[in-house]
Amino acid sequence: MRDVDGRRLTFHLAGINNQNFLMRDEETGSYWQQISGLAISGPLKGRQLTLVLSDELTFAAWKAEEPHGTVLKEVSKYASEYEAKDWDVRMGRGAAVIQFPEHGMQSRDLILGIQTAGASRAFLYDRVVKEKLVASYVGAEPVLIIVGPDGQSVRAFRDRIPGVDGVPDFYRMTANQPGVVLSSALMMDAATGGEWNFQGCATSGKTKGACLERVPMLKDYWFDWRNYNPQTTIWGNRTR
Amino acid sequence: MSRGRWVAVLLVCLAVSLVMVAYPIYVIRPYRAQGARELMAALAVSRFGPVLTVILALAAVAAAIAYWRTQAPVRRRMLIAASAMLVCVLAVLARVNVYEDLMFHPVEHPEFAAATKAKLDPDDKLIVVKIGGSARAYPIREMGYHHIVNDVVGGTALAATY
């Protein structure tokens, strides 16, 4: 969010800090770090922007969920310069100026980062996509990561069913294949036998209509995540 | 004051202005690791540079005028005048943010299309939010170019970044 102390801020891309960009608000001239939302210089130094929950989905997945949604239009005079649709993969071939060669990780490995109170964890994106359903912990918090029917969109949830004690066991039901609609059940929980979809909501069983709590997740390069989460653990670390 | 002192004033103005313009560009440049202290210093220079370089430019012009009124050779007076002009140019350059003004192009007035009319491929990736029943999507092909969109969704002002 860009309202701070009742003042609406307008941000511009104004610099870079170890390949994570800096934003400048035109109202106070303060500089903000993109990944953290923290003001690092200027009159608002120390202030923190509130994170808005967001997803990274394919157009097909999002349109199926939100047929009445709206999409940012191209700015016609720049449209010919726009990036390729696999921009994040292409950028992954670029050099990184800081290195954290731990656990066999490469600087530009794509990860899905989750923070909970006092803990953080990086999930290797390609491993998550391969597994399709990942149940793990970030600190003491059980989390569930689900790959959508399109095989690319990913969401994270708190791995607790409202009204059901303990951490549930979820099982993947369907293979990722074209034509599987988003409202379809993707997984089943062993505790109630209920079926659950990509929105994290039960579509059958005793808990039908209940939804898992969303957990913010950031798709990022390893070096950037590790730079701002020095205590991070890794899920899916690869053997090279 | 002697001519030498006016020259000294002008050279100090020129040197400090040069540093104020060049230092942030040197530190905050792509594909270079930024240390925490040097980054803070560069950002401080970026913030205060526009005002300080104007003060330096005024001082440089005053010194050049004072020098011009002396009986120094014309060539030297021209050189001093050119130096003062250079300090003025640096005061203008200190107001230019390479990233904001040259390298990247913001979305000044974002416009939106209905999902059903958007010209995107099914596998185009989007950053999406939903607030107060309003769903908004930002195609990554566009965000990878503009990087920031200042928007209001469902009554909430937000900055979509990528």
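The following paragraphs describe the strands, cores, helices and chain contact of a predicted model with chains A and B.

Residues are numbered from 1 along each chain as its sequence is written, while chains are lettered from A, and ligands numbered from 1, in the order in which they are written. Because the model is predicted, local features need pLDDT of at least 70 and side-chain atom pairs count only at pLDDT 80 or more, whereas totals for chains, interfaces and linings use all residues.

The contact between the chains takes 56 residues from chain B and 49 residues from chain A, two residues being in contact if their C-beta atoms, placed from the backbone, lie within 7 Å. On the side of chain B that touches chain A, the elements giving two or more residues include α2, α4 (98–103), α5 (140–146) and the strands β1 to β5 of chain B; helices (H or I, at least four residues) and strands (E, at least two) are DSSP runs, numbered from the N terminus. Strand β2(B) gives the most to this side, with six residues. By class, this side of chain B has 35 nonpolar, nine polar and 12 charged residues, where Ala, Val, Leu, Ile, Met, Phe, Trp, Tyr, Cys and Pro count as nonpolar, Asp, Glu, Lys and Arg as charged, and the others, Gly among them, as polar.

Strands of both chains also come together in an open sheet of five strands, ordered β7(A)-β2(B)-β3(B)-β8(A)-β1(B), with mixed pairing; two strands pair if DSSP finds at least two bridges between them. At the edges of this sheet are β7 (55–58) of chain A and β1 (112–114) of chain B, each of which pairs on one side only. Neighbouring strands are turned by 35 degrees against each other on average, direction ignored; axes are lines fitted to C-alpha atoms, for helices over the stretch in contact, and angles run from 0 to 180 degrees between N-to-C directions. Within the sheet, β8 (residues 70–72) of chain A and β3 (residues 134–139) of chain B pair in the parallel sense over two bridges, and Val71(A) stands opposite Ala137(B).

Chain B also contains an antiparallel pair, β4(B) and β5(B), joined by six bridges, in which Asp151(B) stands opposite Leu158(B). The hairpin of these strands has two residues between them, and Gly154(B) takes a positive phi near 55 degrees.

The largest nonpolar core has 63 residues, with Ala60(B) and Leu126(B) making the most contacts inside it; such a core is a set of buried Ala, Val, Leu, Ile, Met, Phe, Trp, Tyr and Cys residues joined through C-beta atoms within 7 Å. Helix α2 (residues 36–68) of chain B supplies the largest share of this core, 10 residues. Apart from neighbours within four places in sequence, Ala60(B) is in contact with Leu10(B), Cys13(B), Leu14(B), Ala84(B) and Val87(B). A second, separate core comprises 35 residues, among them Leu144(A), Ile146(A), Leu186(A) and Met217(A).

Helix α1 (residues 3–27) of chain B has 25 residues and reaches 36 Å from its first C-alpha to its last, close to the expected 36 Å, the expected span being 1.5 Å times one less than the number of residues. Its buried residues include Trp6(B), Leu10(B), Cys13(B), Met20(B) and Val27(B); a residue is buried if 20 or more other C-beta atoms lie within 10 Å of its own, exposed if 12 or fewer, and partly exposed in between, with C-beta atoms placed from the backbone. The cover over the buried residues of α1(B) includes α2 and α3 (74–93) of chain B.

In chain A, five bridges join strand β12 (residues 141–147) to β13(A) in the antiparallel sense, and Ile145(A) stands opposite Ala156(A). Strand β13 (residues 154–158) of chain A is largely enclosed by the rest of the structure, because four of its five residues are buried. The hairpin formed by β12(A) and β13(A) has six residues between the strands, and Gly151(A) in the turn has a positive phi of about 75 degrees.

A further open sheet in chain A has four strands in the order β17-β9-β10-β18, with mixed pairing; its edge strands are β17 (218–221) and β18 (233–235). Three bridges join β10 (residues 119–124) of chain A to β18(A), which run parallel, and Phe123(A) stands opposite Trp235(A). Gly92(A) lies in the loop between α2 (87–91) and β9 (110–116) of chain A, and is partly exposed, with 16 other C-beta atoms within 10 Å. Not counting residues up to four places away in sequence, Gly92(A) touches Arg108(A), Leu110(A) and Tyr221(A).
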